[in-house]
Amino acid sequence: MTCFGVSLRSGSSGNSTFIRTESASLVVDLGLNGKRFAMALDEFDQDPNQVDAILLTHEHIDHISGVGVVMRRHKIPLYTTLSTFTKAEAQLGKIDYDLVHLIVPGNPFTIRDTEVMAFPTSHDAVDPVGFRISSKHGDVGVMTDAGEFNEYARENLKGCKLVFLESNYDKEMLWNGDYPYPLKVRIDGRSGHLSNVEAAQAACFLLDHGTEALALSHLSQENNLPALALDTVKEALEEIGAQNEKDVRIRVSERYRCSAPFVLE
Ligand SMILES: [Zn+2]
Ligand SMILES: [Zn+2]
């Protein structure tokens with residue numbers, strides 16, 4: 001069994017990350033439709049009917065748009081906090097309540113033999129979380145939609161071998177761009193999104209604590225460019241003496257298609 005993590009979609013048009021550990025198949029967020037989800041898993045020879053859990057980070061539509069239909073079609077259990085579920089419920093349509101498992105940030109839970117920890121993030125949703133997923137081949141962290149890389153993020157992501165990390169916007173592009181002023185303030189604020197520079201600082205911390213692979217994720221289409229995000233993070237890592245591809249593998253997650261998987265071994 002190959003263990004891997006892969007971004008199926010990334011960005012405000014839809015987010016979903018698939019993680020295969022030695023014991024479980026997990027999906028973090030499901031912001032693509034049922035057909036595309038099944039086709040995405042098929043690219044990696046994975047059966048949607050064998051997925052053990054959908055883990056929800058928060059209720060924004062780019063993270064939940066496909067959750068209801070996929071739960072109905074493939075009978076996949078949903079793991080979410082009570083507040084997020086309550087807020088998201090109207091968007092999910094009719095679902096089987098027996099499939100809903102409520103989680104509490106800071107309390108680890110187990111899916112098959114895989115331990116999962118949800119931790120609070122700073123974002124303008126009702127109860128946003130990031131995830132750390134344990135694996136014998138190295139833990140995997142997922143944190144997108146976060147205004148800051150705070151103490152919770154540091155504590156819960158340190159030591160993860162692979163991290164899906166938000167690198168949403170370039171500050172200059174945001175502030176010189178066409179977004180309305182209140183939206184710029186929101187994105188750049190503590191409950192908004194992580195900038196390339198903030199992602200670069202987070203990357204340095206993570207690399208210092210054992211991370212070997214980074215997927216720069218949830219890039220803004222209007223306020224960022226993949227090459228800019230990549231260069232910002234690479235330059236910061238070079239400054240602390242890390243060499244790309246030798247000390248760390250970095251990729252930008254694709255917006256409209258599946259990215260190359262990160263194999264855990
Ligand atoms: Zn989002
Ligand atoms: Zn969001």
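How do the residues of the lining of the largest cavity divide into nonpolar, polar and charged? Hold that thought for a moment, everyone, and good morning. What we have up on the screen is a predicted model, so please hear everything I say about it in that light.

Back to the question. The lining of the largest cavity divides into 3 nonpolar, 8 polar and 2 charged residues. The structure holds 1 cavity of 30 Å³ or more, and the volume of the largest is about 90 Å³. Its lining is made of 13 residues, and N15, S16, T17, V142 and T144 are the ones nearest its centre. As for the elements behind that wall, β1 (3–9) and β2 (16–20) are those that give two or more residues to the lining.

Now to the metals, which I suspect is what you came for. Let me start with the zinc ion that is ligand 1. Four residues coordinate it, namely D62 through OD, H63 through NE2, D145 through OD and H218 through NE2, at 2.1 to 2.3 Å. If you like to think in sequence patterns, the donors of this zinc ion (ligand 1) are spaced D-H-x81-D-x72-H along the chain.

What makes the arrangement around the zinc ion (ligand 1) irregular? It comes down to the angles: the 4 donor atoms subtend 91 to 167 degrees, and that range makes the arrangement irregular. To be tetrahedral, four donors would need all angles between 85 and 135 degrees, and the upper end here is 167 degrees. For reference, the ideal angle for four tetrahedral donors is 109.5 degrees.

Let me stay with two of the histidines at the zinc ion (ligand 1). H63 lies in helix α2 (residues 61–64), while H218 is in the loop between β12 (213–217) and α9 (226–239), so this pair ties together parts that are 155 residues apart in sequence. Are they buried or exposed? H63 is buried, at a relative accessible area of 0%, and H218 also counts as buried, at 3%.

On to the zinc ion that is ligand 2. Here the coordinating residues are H58 (NE2), H60 (ND1), H123 (NE2) and D145 (OD), at 2.2 to 2.4 Å. Along the sequence, those donor residues follow H-x1-H-x62-H-x21-D. The angles among the 4 donor atoms run from 91 to 170 degrees, and the site of the zinc ion (ligand 2) is irregular.

You will have noticed a name that came up at both metals. D145 bridges the zinc ion (ligand 2) and the zinc ion (ligand 1), and the two ions lie 3.5 Å apart. H60 sits in the loop between β4 (53–55) and α2, and D145 in the loop between β10 (140–143) and α5 (151–157), so that pair ties together parts 85 residues apart in sequence. D145 is buried, with a relative accessible area of 2%, whereas H60 is partly exposed at 22%.

Next, the pockets. The largest pocket has about 240 Å³ of space. It is lined by 17 residues, and the closest to its centre are S12, N168, R186, H193 and H218. So H218, our ligand 1 donor, turns up again beside the centre of this pocket. Which elements supply at least two residues each of that lining? They are α2 and α7 (181–188), with α7 giving the largest share, 3 residues. By class, the lining of the largest pocket has 5 nonpolar, 8 polar and 4 charged residues.

The second largest pocket holds about 200 Å³. Of its 14 lining residues, L219, P226, V252, S253 and R255 are closest to the centre. That lining divides into 5 nonpolar, 7 polar and 2 charged residues.

Last stop, the cysteines. How many disulfides does a search of the whole structure find? The count is 0. Take C160: the closest cysteine sulfur to its own is in C3, 15 Å away, which is too far for a bond. C160 is buried too, at 0% relative accessibility. C204 is likewise in no disulfide, and its nearest cysteine sulfur, that of C160, is 17 Å away. At 14% relative accessibility, C204 counts as buried.

That's my tour. If you take one picture away, let it be D145 coordinating both zinc ions, with the two 3.5 Å apart. Thanks for listening!

Key:
Residues numbered from 1 in each chain as written. Chains lettered and ligands numbered in written order. Predicted model: local features only at pLDDT ≥ 70, side-chain atom pairs only at ≥ 80, totals over all residues. Heavy atoms only, no water. Donors = N, O, S within 2.8 Å, 3.2 Å for Na, K, Ca; no water. Tetrahedral: all angles 85-135°; square planar, octahedral: opposite > 155°, others 65-115°. Helix = DSSP H or I, 4+ residues; strand = E, 2+ residues; numbered from the N terminus. Buried < 20%, exposed > 50% of the residue type's maximum accessible area, 1.4 Å probe, protein only. 1 Å grid on protein atoms, 1.4 Å probe; cavity = no way out; pocket = protein on both sides within 12 Å on 5 of 7 lines; lining within 4 Å. Points joined across faces, edges and corners; volume = space filled by probe spheres on them. Nonpolar A, V, L, I, M, F, W, Y, C, P; charged D, E, K, R; others polar. Disulfide = S-S within 2.5 Å.
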